[in-house]
Amino acid sequence: MGTEGFAVQLSGIEKRFPGVIANHDVNLNVRAGTIHAIVGENGAGKSTLMKTLYGMHQPEAGTITVFGQPHTFRSPSDAIAAGIGMVHQHFMLADNFTVLENIVLGYEPTAGGVIKYDAAREKLQEIMVQSGTHVDLDVTVSELGVGKRQRVEILKVLYRGARVLILDEPTAVLVPQEVDELFGNLHRLVTDGATIIFISHKLDEVLAVSDDITVIRNGTTVAEVKPNEVTRGQLGELMVGSELPSPHGRTSEVGTALRLEVEGLTVAAPSGKNTLDDMSFQVHEGEVLGIAGVEGNGQFELCETIIGLVTASHGSIRIDGDDVTHTSPYERLMNGLSYIPFDRHREGLLLDAPLWENTLLGRDGDPRFRTGPFVNAAAAKEDARSVIERFDVRTPSEVVPAYALSGGNQQKLLVGRELSSHPRVLIAAHPTRGVDIGAQAAIWEKLRAARDAGLAVLLISADLEELIGLSDRIVVMFDGRINAHLIPSEATPEMLGTYMTGGVQEVAS
Amino acid sequence: MSTPSPAPEPATLRPARLRAPSTIMVTVASTVAAVTLALVLAGILLAVTGKNPIDAYAKMLDAGLEKNKLLEMVQRATPLMIAAVAVAIGFKMNLFNIGVEGQFLMGMFCAAVAGTYVRMPPVLHVTFCLVVAMTAGAAWAGIAAVLKVKKGVNEVIATIMLNAIALSVIDWLFQERFRYETPGNLDVKTKPLPTSAWMPDLVENRLNSFVFVALAVVALFWLVVYKSRFGFRLRASGANAVAARTAGISSNRMIITAMLMSGAVAGLAGMPSLLGNTHAYGPTRPDGYGFNGIAVALLGRNHPFGIIVSALLFGFLDSVAGPLQIAKIPQSIVLVIKAIILITVVVVNEVVARRVAKRTADRTAAQLAMPMAVAA
C-alpha cells in the first residue's frame, strides 16, 4: 500500500509487556482529512496502540509513518513535533489557571523571559475561528463544565500545531447535547484539514461520526470497515466476537411492597435556590425507577440525600417503611441501602488499596468480616474472591491494587460489592458509564437478576438505551424537580430530550 | 482467628496468583537507597571541606559499634520511635501533623507538674504521668483538629503555629508558676517527681526501660492502624476521603480521632527523658523529637518495622556525633546527613512508589493477557 493520502500508517506493530504481547500485527491506515474510529473493548489493546502512536512507549516491531515520513517516537514530544496530538480521557488542566494560561502552558511564546500573551491570544483566536471551536480565554478552568474543558484540551492540542488529533474516549464524560456539539466540532476540524483518530466503544457514536472504522480485538486489528457497510450489530460482533447485549428483558413482576419512598424532598442550597425541590416518588419491590436528566439537575444531590450525606431541609425518606430521614449514612447502608456512585474513582474505590480492601469498604461492620475489633482479613479476602468470581472481574488475584484493573473490571467489582451486601434498595448512578460492552452486559445481567429477586433500583443514567431498557418507569429531572413521568415502552429519545431540557409535560392525571 | 469454611476456589483464579510487592521489602529497599544516597552526598560535602569521607564514616562505625554507643543508640531511638508513630498516624489519615514538637512538650510539662501533686505506688504513678502526658498532647493536637473540621484551617499551618504557642505557654507557666528553686542549685527546674514516678534504667545511665513502652507503642500502632476495623476505616478515609464518606465513614470524625490519637502518642515522646532521666521539667528540655520524628516516619514509610529501623539509624547518628568531634570531624556532619536523608527519602519514596505502581499495573496486565500470549 502506498503512502499517498494517508495521515498515519501503522504496520506490523508489536508491543510486548514482560512476558506477553499486548499488540501484535497491528495495521492501521488513517486517511488524511477523515475521522477514523478505532473501536474495541476495554483491554483489547486500543490504549497500548495509541500510546505507541503518541510516543509514550516504543514498539518492539513495526513501522509508524506520518504523512509519508517514517518516524520513531522516543517520547510524546517527538509525536507532537510530527504533528500528532492527544486529547486524554482524563483532562490535564490546571483548575486555577485561565483557559489561555492552560493552553500556552509548556509552549509559552516568550520575549526576554516574559510571556507574550497577546501573541498567543492572537494565534488562538485564529485557531478558534478556523476550527469553529470557541471558548472564553479569560475564565478560569474551574468555572468550566466538562464539555468546555474538553474543548480547551482540543485547542491546546491544536495550539501545539497538531494535524492529527487522537481523542481517547472523548464522549465518556459528556451528556448527549455535548456529544452533538463535539461531533459538530470534529467535522469542522476535518473540513479544515485535520485528521482525527477517535477511540471509542460506543457503536452508535462511531457509526454516526466516523469515515472509517478499524476494529481491534485481542490486541490485533481484525477488520477495517466503512460505517455505511455495517450495522450496529455487525460492528458489535466484530468487536466482541459475539452478539451484543441488550438491557431489556425481565422474568418477574413488579412487587407491591414499597421499598423506597421519597416524599417532598427538598434541599436548600446556600445560594437560596433549592437544588432539590419537592421531589416525591416511590420504588416498589422488584422495580427499576429510571431517572433521566441532563447532568447537574439535582441527580447527584438526590443520591447524596437518600444516602444521608446531604441533609434534607424538608421531606422524608423511607426505606421499607422505616423513616430514615434522620439517620446516618452508615446506618442506612447497613440497613438495606446500597449505592453505586457517579464516579467510581472519586467516590467508589480506594485505587491504591488491594481489591479485597475495596470490597470491604463500607462493609467492615458486617459480622462476617470482623473478629472483635479487628478486620477478619481472611474472610474479607474470601469474600473478595467470591465477588471477583461471581461478577467476572478479570484480575489475577484479590490482592492487586484497584488501579491495576481496567475501568470495566473496576466497575464490576464495585457493582459486586454493592450487590453482595444483599440490599433491598439500590441507587445506581451511571452503573455502566465508561465500561466496555462485555462489562456492560455483565452488569446489566446482574442488575436484572437482583431486580427479579426483589431489589428496588433507582437508576440514574445518561445512556438512554440503558434507561429505557432497564426501567419500569422513568421520571425526568429538570432543575431539581420532576419534570415528567414516562412509561419506557412509550418513551422515545426525542421525548426524553425535550423533557430533559425543560419541556413541560401535559399532565393527564 | 476463625473463618467460615472456604468455598472451593475457582480454578481460573488460582494459578496466576499475583503477590503485590511486599510492603516490607519495598520499605527496606527504599530506606537503604535513601540512606546510601544521603551518605554519598554527605561524603561529597566532607571531601569538599577537605575531610576524608571514608575515614569519617569509618570513625563513625568504629565509635558507634562500641557497646556503650549501641546502648546509647537505642536510648536515643526511644523517643524518636514514639514521635514517628505519632507522625505516621497522621500520615495514614492524610494529615501532616507537624505539631508533634509542641504536643510532646505539652505532654512532658503537664506530666512533670501533675506528677508532683499526687502520691501513688510506683507503677500506678508512672501510668498516671503517661495518661496526663497523652491527654495533654491529645488536647493540644485537638485544637488543630477542631480548627480543620470546623473552619477548614489546614492542619500544617495550625500545628506549626501551635508549636510556637506551646513553647511560649510552657515558658510562661514555668517561669511564673512552677519554678522550683533549690538553694545552692543553679539548675532551675520544676519540682522533682517522687521516685515512684521514675522509670528504672536497664543499664545504669545508658539505657532506660522506657524503650519497652516505645516498642509497645509501635506494636499497638501496627495492631490498631493496620489490623483493626478502626484502622481500616482510618486508612480508607486517608486514601480517599470522598469514597470513604460515600461508604458511610465520616471523614470529620476520622480527622478528629486521628489527630487526637496522634497527639496522645506525641505526648509520650518526652516521657523517656522526664521519667527516665531528668525527673523534672527544666529549660534544658529535649527538643527536635517532633521534627526528627517526621524524618523517621518518612524514612520508615509509616511502616512499624520501618519506623523502628529508621529510629535506630537516627539514634546511631546522634550517638556518634560526640566521638566524631573528638576525631576532629565536625559533628554537624551528623545534622547534614540527617537533613539530606530527609530530602533523599522524599525523592526515593516518590520514585519507588511510581515504579511499584507501574510494575504492578504491567504485571497485572501481563498476567491477564497470558492466554493471548499463548495464542500469539
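This report describes the domain arrangement of chain A and one helix pair of chain B in a predicted model.

## Domains of chain A

Chain A is divided into three parts: domain 1 covers 6-240, domain 2 is assembled from 250-336 + 424-504, and domain 3 spans 345-422. Taken over C-alpha atoms, the centres of domain 1 of chain A and domain 2 of chain A are separated by 35 Å.

Where these two domains touch, 11 residues come from domain 1 of chain A and 10 residues from domain 2 of chain A. On the domain 1 side of this contact, helix H6 (176-191) and helix H8 (232-240) of chain A each supply at least two residues, and H8(A) gives the most, with three residues. By class, the residues on that side of domain 1 of chain A divide into five nonpolar, four polar and two charged.

## A helix pair in chain B

In chain B, the axes of helix H4 (residues 100-114) and helix H6 (residues 155-178) come within 8 Å and cross at roughly 20 degrees. Because angles under 35 degrees count as roughly parallel, H4(B) and H6(B) are therefore described as roughly parallel to each other. The crossing in which H4(B) passes H6(B) is left-handed.

## Residues between the two helices

H4(B) contributes Glu101(B), Gly102(B), Leu105(B), Met106(B), Phe109(B) and Val113(B) to the contact, while H6(B) contributes Leu162(B), Asn163(B), Ala166(B), Leu167(B), Ile170(B) and Phe178(B). Sorted by class, the contact of H4(B) with H6(B) has nine nonpolar, two polar and one charged residues.

Notes:
Residues numbered from 1 in each chain as written. Chains lettered and ligands numbered in written order. Predicted model: local features only at pLDDT ≥ 70, side-chain atom pairs only at ≥ 80, totals over all residues. Axes fitted to C-alpha atoms, helices over the stretch in contact; angles between N-to-C directions. Helix = DSSP H or I, 4+ residues; strand = E, 2+ residues; numbered from the N terminus. Parallel < 35°, antiparallel > 145°, perpendicular 65-115°, else oblique. Left-handed = near helix turned anticlockwise from the far one by under 90°. Contact = placed C-beta atoms within 7 Å. Nonpolar A, V, L, I, M, F, W, Y, C, P; charged D, E, K, R; others polar. Domains from an automatic or database assignment.
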